[in-house]
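Me: I should like to examine how the descriptive terms applied to a model follow from their cut-offs. Please set each value against its definition and then conclude.

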Amino acid sequence: MSRAVLIGLLSGLLLSVGIPSQSTAQPEASAYSYYPPAKDKASWQRLNLWLSSTYLYIAKEALTDQDSCLLIAGRYLGLSRFSILAEGFGDEKLREQSKWIDQSDPNIAIRSLSKASGKKHLQLLMLLGAYYAFQPAGYSRYKDSVEYFLNKAIKESKTLKEEKWGRIALCLLGKIYLQAYDNKGDSIYNQLIDQCRKAGDKETETRAIAYRGIYTAPRQTTFQRKLTDLQQAADGYHSLGDIESEINLLMDLGYVFMAAGQLQRANDLFLKALSLAASIQYPYTHYITEALANITMYQGKFGEPLRYIRQAIKVAESCRDSTAWALLYGRLAILYDAEGRRKEALETAQKSIKRFIIDRNPAVYNVLQLVIQAMNEEGHGKEALDLVFNISKKVSTPVGISDMFYYQAALSTCYEALNMLDSAEVHIKKMDSLETEAEVIRGPLRRGAVIEHYASLSFNRGQYQKAKEYLEEHFKVPSYGHRALMNDLAAYRLLIATDSALGNKEAVMSHYKEYIKLLDSNFRVTSIRQAEELQVVYETQEKETQIAALNQDAKQSKLIRNLTLSGIVAAMIIAGLLYRQTRLKQKSNKIITYKNEQLQDLVADKEWLLKEIHHRVKNNLQIIMSLLDSQSRYIDNDTALTAINDSQRRVQAISLIHQKLYQSENTSSIDMPHYIDELVSYLQDSFDTGSRTVIEQDIEPLKLDVAKAIPLGLIINEGIVNAIKYAFPRQQTGIVRISLKYSDADHLVLNISDNGIGLPLDGKLSERGSLGFSLMRGLTRQLDGIFNIESNKGLHISIRFSALNNQSYD
């Protein structure tokens, strides 16, 4: 595995679109009042620089080296790199004399060397060596300077008996070789770690292991050692009580596990880092929560990514760290869009785009997709294309694979919306080429996006079979940077349209079911989360209203106590205050009413969803009946045909229940008189009895819940079918009576009787629909009732069961 593997994976995970909640209690960001980060203690400044520079390094896909990212981060944060360069040997006096670091003028320090002596001279040698070791392209441009100053420092440390400083200098020297893939780096660190263990220098040993873990290229032969070093360094800093350094190593280790696909381990490490930051009240947690938003998104969690990214934005804005504002706003816009919150998504996307333009950052095209898609849907395709070209003039030219990919995707989307399909294809092929190039080093991160563009292009050209093949491939390719819920929903919508165009009704139904399954899960989770959010906001505003009212009462009391004016003036002031309080109360009542209406809307949405479920169940049962009907046409065996017809009638009895629930305002209970009447009508039509068999009904005006209505409907179905088939042989006429009434306040009795021939003399049911009687007994047990059958001038079936939890008419 090459160095580019890790960076490609990490950058893709940072920049790709994705979604879609298990919720766990996590530490929230502590309250933060801004002051310049340069006033923080050195350990906080160091951690701030590490976290921000690592984020930049990954976001820039390693096209900018780590030391350049550290330089950029320092400028964004207004922090000197001194806290990193002088770690282990610097002091406040040296810091005051080291402004030349930020001025990029090491000649100042070099001139000071001739005037310094002893420990001061050694400090300057080490700081100059560190300065060049952390300069961009340090190995190719400054290796001689690094070697000169640090080797001299190592030699001088022995003379001054400052062996620990000599080991720190050796650690800095090894860094530039590791970054340049020079084997000398491994040799230096092996030597250094051995020296530290002999001297009992746990601190420098841990730092050496950390540097080796951070700067070793993640090749196939070194990847496991890199993981081991990072974990060992994190454990080492933990034992030393250096929490800030432990947090940094946990984050580095989490990024490596995320790139390796071990998402839960990465998530655990990020959570641990966040918990440690909270324990020391470290305020700059936005890069940690951004990583958590990223990892929970790829774990398929719902709600957590949105919460974490909001927390990251809140902290980044409060501490005025604009390093990642554009990307954070863009991620929030993408998450809003995934939840169908289009207005919020577009507003946030515009905010993100403005920040990208300020930074001249070509990563803008990912979030720009949201805006141009919305413009295309509104018929403004030409304006959308102009927007892409205008923004391309305001940001840097895309260089990284990710930025170039999304730029081509934006152009393809615009040209396709304008029906300029040949032009769209040119840019899709460029996307394909870029992804093919990138897949060699980091797998199929965005292959799904390429496939979707090809599928859409084929569909618009009328090449429906080709579009179908692309879409089916979409669900097979493990495109982990693109296979998000919203992308799968879009793919299913296009696949259903393609199947319809091909006239493949079975495929339409199959893919529609999969689409509904995804859509229902998305709608359900989103509704639950939004209801929870609404409740929290509602309760918070209630508390704030109560506090405001209490404060107002206190102000009134103080005012009255200090009132020295005349009675008329006092009365006017009191009247004014009472009027103001009334207005506040009215305002509060309006807010409460508004929130109640929102909650009622959510309840209405739930009722609609339940109705939709009953409607779909009814439709599925109708499909089953159609299948049974189709099967019956190919059966010559009378017994099998009878069994299929009986099954159809049983399914219809259940289907009527769900139809009633769907059509009714009440989704939890069944109007029994209407239901039984429709069931009887269906059975009479099914057997075509004409006037030969009369079915009389005496049904109490009541409603039953679904749990009782379904078994009761099946029992009535079996009883009527049994009577029609067996009670009146040889075309005899007869009467079947059905009654459902209360026997007492707590029980109902169902009677089904006929004046037919009754049971055989031997009383055996084997030839009288024994399956039907078995079903009736089983269903009676389900009702927790008592089943009784009697043959006396016809057959009489009686079932007594509990009427609790049922509804009667007023």
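Me: How many helices and strands are there in the protein chain, and what makes a run count as one?
Reply: The protein chain has 31 helices and 8 strands. Helices are DSSP runs of H or I with at least four residues, strands are runs of E with at least two, and both are numbered from the N terminus. This is a predicted model, in which local features need pLDDT of at least 70 and side-chain atom pairs count only at pLDDT 80 or more, while totals for chains, interfaces and linings use all residues. Residues are numbered from 1 along each chain as its sequence is written, and side-chain values use heavy atoms, with hydrogens and water left out.

Me: What share of the protein chain is buried, and what does the term require?
Reply: Of the 810 residues in the protein chain, 50% are buried. The term means under 20% relative accessible area, with exposed meaning over 50% and partly exposed in between (1.4 Å probe, protein chains only). The protein chain exposes about 38400 Å², and carbon and sulfur atoms supply 52% of that area. Such areas come from the Shrake-Rupley method with a 1.4 Å probe, and for residues only the protein chains shown count as cover.

Me: How do you know whether the span of helix H23 agrees with the expected one?
Reply: Helix H23 covers residues 447–460, which is 14 residues. The expected span is 1.5 Å times one less than the number of residues. H23 reaches 20 Å from its first C-alpha to its last, and 20 Å is expected, so the two are close.

Me: Why is H23 described as largely enclosed by the rest of the structure?
Reply: The description applies because 11 of its 14 residues are buried. Among them are Arg 447, Glu 452, His 453 and Tyr 454. Tyr 454 has a relative accessible area of 13%, so it is buried. After H23 comes Gly 462, whose phi is positive, near 80°.

Me: What makes Tyr 454 and Tyr 470 a stacked pair?
Reply: A search of the whole structure finds 16 aromatic pairs. Tyr 454 and Tyr 470 form one, at 5.3 Å centre to centre with 10° between the planes. The pair links distant parts of the chain, with Tyr 454 in helix H23 and Tyr 470 in helix H24, 16 residues apart. Rings of Phe, Tyr and Trp (its six-membered ring) pair if their centres lie within 6.5 Å; planes under 30 degrees apart count as stacked, over 60 as edge-to-face and the rest as tilted. Both values meet these limits, so the pair is stacked.

Me: How do you know that Glu 425 and Arg 461 form a salt bridge?
Reply: The N to O distance between their side chains is 2.8 Å. The pair links distant parts of the chain: Glu 425 is in helix H22 (residues 421–442), and Arg 461 is in the loop between H23 and helix H24 (464–474), 36 residues apart. A salt bridge is a side-chain nitrogen of Lys or Arg within 4 Å of a carboxyl oxygen of Asp or Glu, so the pair qualifies. Glu 425 is partly exposed at 21% relative accessibility, and Arg 461 is partly exposed at 30%.

Me: Are Lys 468 and Glu 472 buried or partly exposed, and what distance makes them a salt bridge?
Reply: Their closest N and O atoms are 3.4 Å apart, so the salt-bridge limit is met. Both lie in helix H24, 4 residues apart, about one turn of the helix. Lys 468 has a relative accessible area of 10% and is therefore buried, whereas Glu 472, with 31%, is partly exposed.

Me: Which strands does the salt bridge of Asp 744 and Arg 800 link?
Reply: The side chains of Asp 744 and Arg 800 meet at 2.8 Å, N to O. Asp 744 is in strand E4 (residues 734–744) and Arg 800 in strand E7 (residues 795–802), 56 residues apart. At 31% relative accessible area, Asp 744 is partly exposed, and Arg 800 counts as partly exposed at 32%.

Me: Why is Ala 86 called buried?
Reply: Its relative accessibility is 5%, so Ala 86 counts as buried. Ala 86 is found in the loop between helix H4 (82–85) and helix H5 (92–96).
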